[in-house]
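Student: I have not looked at this structure before, and I would like to learn how its descriptive terms are justified. Could we go through them one at a time?

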Amino acid sequence: MSQLSERPAHPVVGVSMPHESAHLHVTGAALYTDDLVHRTKDVLHAHPVQVMTAHARITALRTAPALAVPGVVRVLTGADVPGVNDAGMKHDEPLFPDEVMFHGHAVAWVLGETLEAARLGAEAVEVELDELPSVVSLRDAIAADSFHGARPVLRTGDVDAGFADSAHVFSGEFHFSDQEHFYLETHAALALVDENGQVFVQSSTQHPSETQEIVAHVLGVPSHEVTVQCLRMGGGFGGKEMQPHGFAAVAALGARLTGRPVRVRLTRTQDLTMSGKRHGFHAEWRIGFDADGRIQALDATLTADGGWSLDLSEPVVARALCHIDNTYWIPNARVTGRIARTHKVSNTAFRGFGGPQGMLVIEDILGRCAPLLGLDPMELRERNFYRPGQGQTTPYGQPVTHPERITAVWRQVRSDGDVDRRRREIAAFNAAHPHTKRGLAVTGIKFGISFNLTAFNQAGALVLIYKDGSVLINHGGTEMGQGLHTKMLQVAATTLGIPLHKVRLAPTRTDKVPNTSATAASSGADLNGAAVKNACEQLRDRLTRVAATRLGANASDVRVVDGVARVLGQDEVLAWDELVRTAYFQRVQLSAAGFYRTEGLHWDARTFRGSPFKYFSYGAAAAEVEVDGFTGAYRLRRVDIVHDVGDSLSPMIDIGQVEGGFVQGAGWLTLEDLRWDTSDGPGRGRLLTQAASTYKLPSFSEMPEEFHVRLLENATEEGAVYGSKAVGEPPLMLAFSVREALRQAAAAFGPVGASVELASPATPEAVYWAVQEARARSTADVSHRV
């Protein structure tokens, strides 16, 4: 076993413990970015000047009326930007635009002594427009040939020959919805400037280093003049990977120009109308199977709704293409990706980062085709799993490591959930209940872990040991409720061999650990944990040499366990605090900078070939639903999950992540229905679902009545920190089982062998229409074209 994955005696990792800030969360004592306003003197409040039209050229912008409003201090416009007037890494997102690109686009910001003064000032700003044509829906963008960014093509094998060898060929299309992040904390930033002109920004951001970079280039200063700190986020889910940068830049610009702290904090409606979502997708596909139901060929085009600018759309589409295979071997494939340009908010990262969209396509295809092949959906899925010992690679050429775990989690969840018995009971129930039907589906996942962009797979850490033996760790990851900081504390305590209470964690900030990657791609614990471990190992090696001198032994024979240094086979010990104090007086350095880079990755974005992922995470879920045939209303009766997290760093945290990810995925697939005004009226392009009153989120009532989660045992991941695996994103895709269960329940209202289409999200309305489709079918109507 590698040094990175091997665990010492009595490790703190692997111990179930609550989130390190849990008591602060539940008591309300946890501080978030906007809470710091009340601890800061003379703060100015920023309010956006939003233009409520989908697409227009600004012909005049008059700020004088706003300056006449009592309490208004300044109006920020593009003329005030000393550096680059852009908030995006692609340089296609003007911070102060001269062209309105979506309904609610902010074209200026008003600074006021109070938020109300700023709001009234924003209302007073006069904007004259020259209206332009707009493209709102994804389908309209495709029809208008409105695209931007790269158009990658994933190829493997010989697609034409694969179809020629297929006994069954089906084709279809699938349109599925975007998703709002709806983090509890909206976008927020607080900026101030010190006497030396140093800009300090508190930001609710998943990527402090990139926030620093954007703020610096807007201000026209080098990065060392800007420090960004993130205490914690009240949720992020990818929505705070790219999109906080502009809001932080507005606050920093305001602070630089006025000399006073400036606060930006969006209201919920502003956040919903100004920030990007998960990309909605449209898929056209054609698939071929042999006589036994094994996939022979797949030809598909995936179109993502990118919104008005590129943001992260290109890597999102790349990951969608890399995950269209999910757990299935596809010997011949041609999959094209493209990004539609629409006049809507710029869509961005969201938990799974395109992976869910790609995987959903193949799961929808198999769910629709199984009845047409005369196969049970579970059997069709099993027949197409990656198999060990077959030399099978993904369509982009990466070998699938541990493919046996695909079958292991599948069999375990079938056993845990007593699936075979319950399916017989469901068949009996459905036969006896003409107006209520149940369905039970099992789906699996294979999700690649690492950033597709190889350069992002690096991390740093700074660990300090003080003379009293206490330890302070700094790392580049951000805490958004996922428990990353908890795991980092456990990693540090384990590596140093000391009790957890000896270790404290400092807030994430760019002047402690520079050039960090975003806390994203489920890589936070892998990257930062390895960097923390590396720093702690440097310190431990120095201290064991000191202990060896005191104890009269070789350093290689010294172990530090539970805060005590001892020599193997000897009784004499040296307490940690005394060891540290001794090291100090011997002038031994008690700080270390750690670093980690993920090895073995390579990716050619031009040919779409390589091994972009360190490993794959696996999981399986069985979901049972009950559907009312009169209304389409349903309830989630039971869910069983088996998920692979390697050797868990923190089991309680990981189980919570599995549960939360699954529920968020079920929300995307069954509840969350973003609606936009596509009419030709004055509200064209307006987001209609602007609040929790119109955008339905999963709540307690949508939780499974029975919810069983198990972590796969004996699953050490060689080459990962303490043998663990990522857990942030993969569980979201386990919710495919809910959608497929709904499909089966709806199909049960029709004849045996009926294939029904199911919209996504599968709201009660969508389920009702699927039920109606099933009822309308007869066996003779079942065709080989979906």
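Student: What makes Cys 536 count as buried or exposed?

Tutor: Buried means under 20% relative accessible area, exposed means over 50%, and partly exposed is in between, with a 1.4 Å probe and protein chains only. Cys 536 has a relative accessible area of 0%, so Cys 536 is buried. Cys 369 is likewise at 0% relative accessibility and therefore counts as buried. Please keep in mind that this is a predicted model, in which local features need pLDDT of at least 70 and side-chain atom pairs count only at pLDDT 80 or more, while totals for chains, interfaces and linings use all residues. Residues are numbered from 1 along each chain as its sequence is written, and side-chain values use heavy atoms, with hydrogens and water left out.

Student: How many disulfides does the structure hold?

Tutor: A disulfide is a pair of cysteine sulfur atoms within 2.5 Å, and the structure holds zero disulfides.

Student: Why is Phe 429 called buried or exposed?

Tutor: The relative accessible area of Phe 429 is 15%, and therefore Phe 429 is buried. Phe 429 lies in helix 13, which covers residues 419-432; helices (H or I, at least four residues) and strands (E, at least two) are DSSP runs, numbered from the N terminus. Leaving aside residues up to four places away in sequence, Phe 429 touches Thr 436, Lys 437, Arg 438 and Glu 626, where contact means heavy atoms within 4.5 Å.

Student: Why is helix 15 called roughly perpendicular to helix 16?

Tutor: Two packed helices are described by the angle between their axes and the distance between the axes. The axes of helix 15 (residues 524-551) and helix 16 (residues 576-585) come within 10 Å and cross at roughly 95°. That crossing makes helix 15 roughly perpendicular to helix 16, since angles of 65 to 115 degrees count as roughly perpendicular, under 35 as roughly parallel, over 145 as roughly antiparallel and the rest as oblique. The axes themselves are lines fitted to C-alpha atoms, for helices over the stretch in contact, and the angles run from 0 to 180 degrees between N-to-C directions.

Student: Which residues meet where helix 15 touches helix 16?

Tutor: From helix 15, Leu 543, Val 546, Ala 547 and Arg 550 meet Trp 576, Glu 578, Leu 579, Val 580, Thr 582 and Ala 583 of helix 16. The residues of this contact divide into seven nonpolar, one polar and two charged. Here Ala, Val, Leu, Ile, Met, Phe, Trp, Tyr, Cys and Pro count as nonpolar, Asp, Glu, Lys and Arg as charged, and the others, Gly among them, as polar.

Student: What makes strand 7 and strand 8 stand at the edges of their sheet?

Tutor: Their sheet is an open one of five strands in the order 7-15-14-13-8, with mixed pairing. Strand 7 and strand 8 (168-176) each have a single partner strand, so one side of each is left without a neighbour in the sheet. The twist of this sheet averages 5° from one strand to the next. Two strands pair if DSSP finds at least two bridges between them, and strand 7 is joined to strand 15 (residues 333-341) by four bridges, the two running antiparallel. Within strand 15, Thr 336 stands opposite Val 153.

Student: Which strands are the edge strands of the sheet with the order 19-18-17-24?

Tutor: This open sheet is formed by four strands with mixed pairing, and its edge strands are strand 19 (503-505) and strand 24 (591-597), each pairing on one side only. The twist averages 25° from one strand to the next. Helix 15 packs on this sheet, touching strand 17, strand 18 and strand 24, and its direction makes about 140° with that of strand 24.

Student: What is noted about the phi of His 91, and is His 91 buried or exposed?

Tutor: Most residues other than glycine have a negative phi, and most peptide bonds are trans. Phi of His 91 is near 55°, a positive value in a residue other than glycine. His 91 is found in the loop between strand 3 (72-76) and strand 4 (99-100), and at 52% relative accessibility His 91 counts as exposed. Asp 145 also has a positive phi, near 55°, and counts as exposed at 54% relative accessibility.

Student: Which residues does the cis peptide bond join?

Tutor: The cis peptide bond joins Ser 760 and Pro 761, with omega about 10°. Pro 761 has its place in the loop between helix 18 (736-747) and helix 19 (764-776).
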